[in-house]
Amino acid sequence: MLDEIQYMPLSESEQKELYGKGAEAGLGMVTVFGVIAILTIVVYKLYTATNGDITLPGGFKFKFTT
């Protein structure tokens, strides 16, 4: 039975017909939500921290205490 099946890649027009235009945006949406989640966690950690030192590239240093 498996010998009778012949696999062939789909053409671009067949892919668009099956998946629509939204399939290309799927990975972009996952990436956007991932970045937003990471930024939210970083801001929350900074907001709840009592003190800290931040060193950015270029020699910029910040210290904060509450």
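Okay, one cut-off before anything else: buried means under 20% relative accessible area, exposed means over 50%, and partly exposed is whatever falls in between. Keep that in your heads for methionine 29, which sits at 46% relative accessibility and therefore counts as partly exposed.

Now, what are we looking at? This is a predicted model, so let me do confidence early. The chain has a mean pLDDT of 84, with 89% of its residues at 70 or more. Helix H2 comes out highest, at a mean of 89, while helix H1, residues 12-19, is lowest at 80. The usual caution goes with that: where pLDDT is low, predicted coordinates shouldn't be read in detail.

On to the layout. We've got 2 helices and 2 strands, and going from the N terminus the order is α-α-β-β. How much of the chain is buried? Of the 66 residues, just 2%. The chain exposes about 6700 Å², and 65% of that comes from carbon and sulfur atoms.

Let's walk along it. H1 has 8 residues and the number buried is 0, so this helix lies largely in the open. Right after H1 you hit glycine 20, with a positive phi near 80°.

Then comes H2, spanning residues 26-48, and that's where methionine 29 lives. This methionine belongs to a nonpolar surface patch, together with Val32, Phe33 and Ile36. Taken together, those four have about 400 Å² of accessible area.

Next, the strands. S1 covers residues 51-56 and S2 covers 60-65; the two run antiparallel, joined by 6 bridges. They make a hairpin with 3 residues between the strands. And which residue in the turn has a positive phi? That's glycine 58, at about 100°. If you want a cross-strand pair to click on, try isoleucine 54, which stands opposite phenylalanine 62 in S2.

Staying with S2: it's hardly covered, and the count of buried residues among its 6 is 0. Lysine 61 is found in that strand. Is lysine 61 buried or exposed? With 64% relative accessibility, it's above the 50% cut-off, so it counts as exposed. Leaving aside residues up to four places away in sequence, lysine 61 still touches Ile54 and Thr55. As a general reminder while you're rotating the hairpin, side chains in a regular strand alternate between the two faces of the sheet.

So, to recap: two helices, then two strands, a nonpolar patch that includes Met29, and 2% of the residues buried. That's me done.

Key. Residues are numbered from 1 along each chain as its sequence is written. Side-chain values use heavy atoms; hydrogens and water are left out. Two strands pair if DSSP finds at least two bridges between them. Helices (H or I, at least four residues) and strands (E, at least two) are DSSP runs, numbered from the N terminus. Patches are made of residues with over 30% relative accessible area and no salt bridge: like charges are joined within 9 Å, nonpolar side chains (Val, Leu, Ile, Met, Phe, Trp, Tyr) within 5 Å. Accessible areas come from the Shrake-Rupley method with a 1.4 Å probe; for residues, only the protein chains shown count as cover. A salt bridge is a side-chain nitrogen of Lys or Arg within 4 Å of a carboxyl oxygen of Asp or Glu. Buried means under 20% relative accessible area, exposed over 50%, partly exposed in between (1.4 Å probe, protein chains only). pLDDT is the predictor's confidence in each residue, from 0 to 100. Contact means heavy atoms within 4.5 Å.
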